[in-house]
Every structure is written in C-alpha cells, then in structure tokens.
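Me: I'm new to reading protein structures and would love some help with this one. Could we go through a few questions together?

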Amino acid sequence: MMKRIPLLALLLACSCVNIHGDNPYSTDLCDFTVTLACAPGEKVDLNGITIKAEDVTGNNSYSAVTDNEGTATFLLPRGLYRFMAGKKVGSDMYNASLERTSITGSARLVMPLTHSFLGPIVIKEIYCGGCKQFSESGEYLGDYQSDKYAILHNNSSTVQYLDSLCIATLAPYNSASNPPFKDVKTESGDKYMDVYAPVIQALWQFGGEGKTFPLAPGEDVIVAFNGAVDHTVQYKNSINLNREDCFACYNITYFFNEKYHPAPGDKISKDHILNCVVKLGQANAYTVSINSPAMLIFRFQGASAQQYIGSRTPFGDDPIIQLPGSNVDRILNVPWIWVIDAVEVFSSMSGNKRMNVSADAGYVILSDTNLGHTLMRKTDEEATKAAGYEVLADSNNSSEDFYEREIQSLHE
C-alpha cells in the first residue's frame with residue numbers, strides 16, 4: 001500500500017555562467033544544483049543518493065551523487081529534463097521525480113522525496129507488443145496482437161492471496177498522449193494526479209472468498225488480457241495461454257469481439273475468469289496499449305468494489321467521472337494509496353508520466369512492437385539466494401526495476 005505526499009518543487013532561476021573559461025561550448029552548459037528534501041517528520045540519510053537527469057528530447061542522461069545535505073550538482077546543456085532519485089530503507093521506499101523541467105540557465109532545484117511502501121505482490125512481466133506471423137514457407141503474413149498478458153509474482157516471504165485483487169490500465173492509453181488530468185483538481189482543491197489513478201476502459205477483479213487463490217512466496221500467476229487460449233496453434237511466435245495457472249479477462253456481455261476474446265481454453269477453470277467490475281468505455285474488446293500501457297494492481301479499502309462505485313471516494317469525489325475531452329469514455333478514480341504495485345511503460349524517453357511518484361517514479365521503454373519483445377522485472381540475485389525462492393527487484397521505479405527482453409518468458 002502506498003502513502004501519498006503532495007509533490008512540491010521550487011526552482012530558483014539564475015543566469016547561466018561560463019564555468020570552463022575558454023571552452024567553446026561553455027555558454028551552452030548550466031550549473032544546475034538539485035537538493036533532495038524529506039517530508040516534515042521524516043528522517044532519511046540523504047548522503048550518497050544518485051540523482052538521474054534525463055534530457056527527454058535529446059535522449060541523453062546524466063547522474064550525480066548527493067552529499068551529506070542531499071545536494072548534487074550537474075553541468076547540463078540547455079534542454080527539457082526529467083529528474084529521478086530514490087532510496088530504499090527496508091520495505092520503505094523514498095522516491096523523487098520531476099517531469100519536464102526546462103533548463104535555460106543555471107538554477108537550484110529542491111525535489112521532495114515521496115514515501116511509499118513496497119507491495120508483497122508485484123507485476124513481474126508485461127507482454128503487450130505482439131509478434132509477427134509467418135507461413136510455413138517463411139512468408140511474412142502480418143502482425144499478431146491478440147495475445148497480451150501480464151505475470152504477477154509473490155515477492156514476499158509469506159503466502160499472499162489473489163482474492164479481490166484488481167488489475168487495470170490508466171488513461172491515456174499511450175505515453176505519447178498528454179495526460180487529460182494534468183490541470184484537473186479534486187473537489188478539495190488538490191491536483192487530481194496527486195490523489196487518483198485514472199482507470200480506463202474496464203476494471204478486472206479476482207474472485208474468491210478471501211483465501212481461495214493462495215500464492216506461495218516466489219510463485220507466479222498469469223493474467224491473459226485477450227484470449228486465454230493456445231495462440232501458437234496458428235501463430236508460432238506467440239505463446240500458449242491455455243494453462244492452469246492462467247486467469248482470463250473474459251466477459252462476453254461487455255467484450256463480445258471474439259477475435260480478441262475467444263472462449264477460454266479447456267485448462268482455464270471457471271473460477272479463473274476475472275470479474276469485470278465495471279465497463280468504462282465503448283469498445284467491444286478490452287484495450288491494452290500495444291506500446292506503452294500504464295498498469296497497476298490494487299485492492300479496494302473499507303468497502304467492496306460495488307459499494308465504492310455506488311458511493312463517494314475517501315476524498316469526497318465521485319468514483320466515476322467523465323474522461324476530459326470525451327463524451328463517451330469514463331474514468332474510475334482509484335486512490336493512489338490503494339495501489340500495491342504499478343508499472344509505467346513508455347514508447348520513448350519523451351513519454352508523458354501518468355503515474356504518481358508513489359506508484360512508479362520511473363518507466364520502462366518498449367522499443368518497438370510486433371517483435372515478441374516483453375518487459376521483465378529484474379531478479380534480485382542476492383535476495384533470491386538468501387531467501388531460497390525468486391525475489392524480484394522492487395524500488396517503485398521501473399527505470400531501475402525493469403528491462404526489455406527479446407522474447408516472451410512464456411514462449412516455448
């Protein structure tokens with residue numbers, strides 16, 4: 001579960017100075033200082049934390065390490081930057097992130113750390129980009145994208161239960177689009193994106209009575225977003241999702257496009273079909289971005305899903321609102337404090353963040369689609385050796401935790 005702290009930042013602009021004397025490029029370099037700050041009442045050792053600066057238009061990145069005061073100094077070309085930093089303390093994570101900071105001269109930046117808790121269940125893999133189809137003779141027949149899935153993993157030392165767990169993606173569908181809630185505020189006056197995750201299209205939930213679906217430490221479970229079938233029968237570069245350990249997003253009433261939602265295979269038990277809690281869009285097939293979804297898992301707190309939808313949020317807002325700029329699609333407001341794990345995917349470094357820093361301070365890039373590539377969470381080798389089961393990297397920052405893999409983990 002995550003704890004939200006409002007993100008504040010202060011830029012004190014100064015003039016750019018010549019710090020290299022006769023260096024012909026010196027007038028293009030800015031002495032930029034970043035200082036990390038703890039929230040009131042929290043104490044964190046700020047020494048030795050790496051701060052990363054990414055030029056989102058030039059695809060360059062720079063890093064510097066903080067001193068005892070939490071301050072790091074950069075020498076940066078003018079540009080548009082994203083700053084990230086983080087420190088792990090046990091099961092607590094302190095992350096800082098600031099999007100699209102324009103650097104036109106030397107300046108000082110104060111960047112607050114946001115405290116979050118590492119969840120026991122994490123998203124291990126996201127396969128969304130599809131693969132290519134070939135004939136028996138090797139002739140290219142097109143692209144296939146109806147085999148999307150995610151894998152969830154118990155990253156804790158105790159048995160976890162999937163019962164009532166929810167999985168969803170956020171608006172906008174793709175990272176290249178501008179977030180529709182950038183300038184929206186809640187009824188209390190807070191920035192919408194500081195309070196809520198904007199769930200789009202539909203919300204899926206595991207069934208069970210509380211302890212129906214146990215997940216042992218180090219164990220995985222698959223969620224098929226389209227067809228929980230053996231896709232390799234027709235598409236050799238795809239994967240077999242007709243498995244006993246697979247759950248299916250399948251609701252023939254809401255999503256009746258059989259091309260994307262064929263009936264689950266014979267190894268998918270009825271209790272492995274997820275409940276579509278609410279449909280928010282108009283599509284006849286559940287939509288997951290092929291190149292840059294923002295995905296999360298969470299549980300409703302203090303009420304059931306239906307009770308929440310029929311009442312008000314803990315912050316006094318309507319749980320379902322209209323998507324800004326759309327007369328058709330709606331959004332489910334999910335408090336960030338309910339989020340157990342989240343992964344933000346970009347199609348390039350210049351993508352737009354949709355997630356609060358408490359959920360995912362970074363992102364992972366899917367470089368291209370239709371190649372069978374997948375996004376995998378790294379293994380924490382040291383923790384795995386000590387625990388005796390697979391422990392995955394988790395810093396609530398996908399820039400550090402994930403990588404792009406050339407083939408799906410389920411590909412045989």
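Me: Which residue in β18 does H153 stand opposite?
Reply: Happy to help, and keep in mind that this is a predicted model. Start with the strands: β13 covers 149–154 and β18 covers 220–224. β13 and β18 pair in the antiparallel sense over five bridges. Now look in β18 across from H153, and you will find D220.

Me: Which are the edge strands of the open sheet of six strands?
Reply: Follow the order, which runs β19-β18-β13-β10-β26-β27 with mixed pairing. From one strand to the next, the twist averages 25 degrees. An edge strand here pairs on one side only, and that picks out β19 (246–248) and β27 (402–405).

Me: How many residues does the largest nonpolar core have?
Reply: In soluble globular proteins, nonpolar side chains tend to be buried together. Here, strands such as β10, β13 and β16 each supply at least two residues of the largest core. L152, L162, W204 and F225 have the most contacts inside that core. W204, for one, is in contact with residues including L165, I167, F255 and Y286, leaving aside its neighbours within four places in sequence. In total, the core's residues number 33.

Me: Is D394 buried or exposed?
Reply: D394 lies in the loop between α3 (381–387) and α4 (398–401). Leaving aside neighbours within four places in sequence, D394 is in contact with residues that include K88, N155, D341 and R377. Buried means under 20% relative accessible area. The value for D394 is 7%, so D394 is buried.

Terms used
Residues numbered from 1 in each chain as written. Predicted model: local features only at pLDDT ≥ 70, side-chain atom pairs only at ≥ 80, totals over all residues. Heavy atoms only, no water. Core = buried A, V, L, I, M, F, W, Y, C linked by side-chain atoms within 4.5 Å. Buried < 20%, exposed > 50% of the residue type's maximum accessible area, 1.4 Å probe, protein only. Helix = DSSP H or I, 4+ residues; strand = E, 2+ residues; numbered from the N terminus. Contact = heavy atoms within 4.5 Å. Pairing = 2+ DSSP bridges. Axes fitted to C-alpha atoms, helices over the stretch in contact; angles between N-to-C directions.
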